[in-house]
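I opened this entry to keep track of what I looked up, strand by strand. The notes follow the order in which I checked things.

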Amino acid sequence: PTHELSPPFTGETVHALYRQGDRLLALGDALSLWDVSQPAYPALFATLPLDFAGRHIDPAPGGNWLLSTETGLVIAHRDGDTLTEIGSLLTLDPVDRAVQIGGRGYLAMHSGGLLIADLSDPAHPVSLFSFASESGRYVRDLYQLDDGHLLVSWEGGVAVLDVSAPSAVPRLAGIVPLGAQATSIHIAPDGKRAALGLGDQGAALLDLSDPRQPTLAGQVETP
């Protein structure tokens, strides 16, 4: 059995959480920073208002954070226990998730493909181009495998993209056909397995022993 350590410590709607040690970032209509060193007594340290609701939060180089929102991408910076917005990028569709490798950002567009952006100057991010795969045109989730490869979920399966050459178009390095879109990707702590949620079509498990050539380790359908 489980029990509640404390009553809810925020009344705001929260869409994403990210914990760093004894600090917790909560993303909803705003980005908030909490001290959770005492889980029963969390303390609010900082709040950064947003113009539009956030959907996901991902770390970026230099102490920055990529906030995927209903209208694009917000780049925030955490300095100790303070939060500031340093840049933003408006997009035509909501952004579900974003990853930064080097100076480039890779944005999973809710109603489109993979948007590549120049984030080398976080105060002035710039959209570059969109990318589609042999596995489909729509991206739902993505995960950084290493410094040069992304695991991307398309409507027809998941693919590994080689992004090791920042100035080049991403190159398709491998495909795992699933016949369904992975609505979420969760990586095991050792990085050798990936669990994929397939919505009402079940779940799948990938073997990432060779991150450049993932293989299907198992798949199960839900009743």
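I started at Pro-59 and asked which residue it faces across the strand pair: Pro-59 stands opposite Trp-65 in E6. The model is a predicted one, so I kept the confidence values for a separate entry below. The pair that holds this position is E5 with strand E6, residues 64–69, and the two run antiparallel over six bridges.

Next I looked up the sheet around that pair. E5, E6, E7 and E8 form an open sheet of four strands in the order E5-E6-E7-E8, paired antiparallel. Its edge strands are E5 (54–60) and E8 (82–90), each pairing on one side only. From one strand to the next the twist averages 25°.

I then went to the other end of this sheet. Strand E7, residues 72–79, pairs with E8 in the antiparallel sense, and I noted eight bridges. Within the pair, Val-74 stands opposite Ser-88 in E8. The hairpin of E7 and E8 has two residues between the strands, and Gly-80 there takes a positive phi near 65°.

Second sheet. What is the strand order here? I read it as E13-E14-E15-E16, an open sheet of four strands with antiparallel pairing. E13 and E16 stand at the edges with a single partner strand each, so one side of each has no neighbour in the sheet. The twist in this sheet averages 20° from one strand to the next. Inside it, strand E14 (residues 149–154) and strand E15 (residues 157–162) run antiparallel and are joined by six bridges. Val-152 stands opposite Ala-159 in E15.

I also checked the hairpin of E17 and E18. E17 pairs with strand E18, residues 193–197, in the antiparallel sense over four bridges. His-186 stands opposite Ala-195 in E18. This hairpin has five residues between the strands, and Gly-191 takes a positive phi near 75°.

Then the largest pocket. I noted a volume of about 390 Å³. Which residues lie closest to its centre? Of the 14 that line the pocket, these are His-56, Arg-97, Asp-141, Thr-183 and Ser-184. I looked up which elements supply two or more lining residues, and found E5, strand E9 (95–101), strand E13 (139–146) and strand E17 (184–187). E17 gives the most, with four residues. E5 thus appears in my notes twice, as an edge strand of its sheet and as a contributor to this lining. E13 does too, standing at an edge of the second sheet and giving residues to the pocket. By type, the lining divides into three nonpolar, six polar and five charged residues.

Last, the confidence. The chain averages a pLDDT of 86, and 94% of the residues score at least 70. Confidence in the chain is highest in E6, at 97, and lowest in strand E16 (residues 171–177), at a mean of 77. Over residues 1–5 the pLDDT is below 50, and this stretch has two contacts in the model beyond near neighbours in sequence. Where pLDDT is low, predicted coordinates should not be read in detail. I therefore left residues 1–5, with their pLDDT below 50, out of any detailed reading.

Methods:
Residues numbered from 1 in each chain as written. Predicted model: local features only at pLDDT ≥ 70, side-chain atom pairs only at ≥ 80, totals over all residues. Heavy atoms only, no water. Pairing = 2+ DSSP bridges. Axes fitted to C-alpha atoms, helices over the stretch in contact; angles between N-to-C directions. pLDDT = per-residue confidence, 0-100. Contact = heavy atoms within 4.5 Å. 1 Å grid on protein atoms, 1.4 Å probe; cavity = no way out; pocket = protein on both sides within 12 Å on 5 of 7 lines; lining within 4 Å. Points joined across faces, edges and corners; volume = space filled by probe spheres on them. Nonpolar A, V, L, I, M, F, W, Y, C, P; charged D, E, K, R; others polar.
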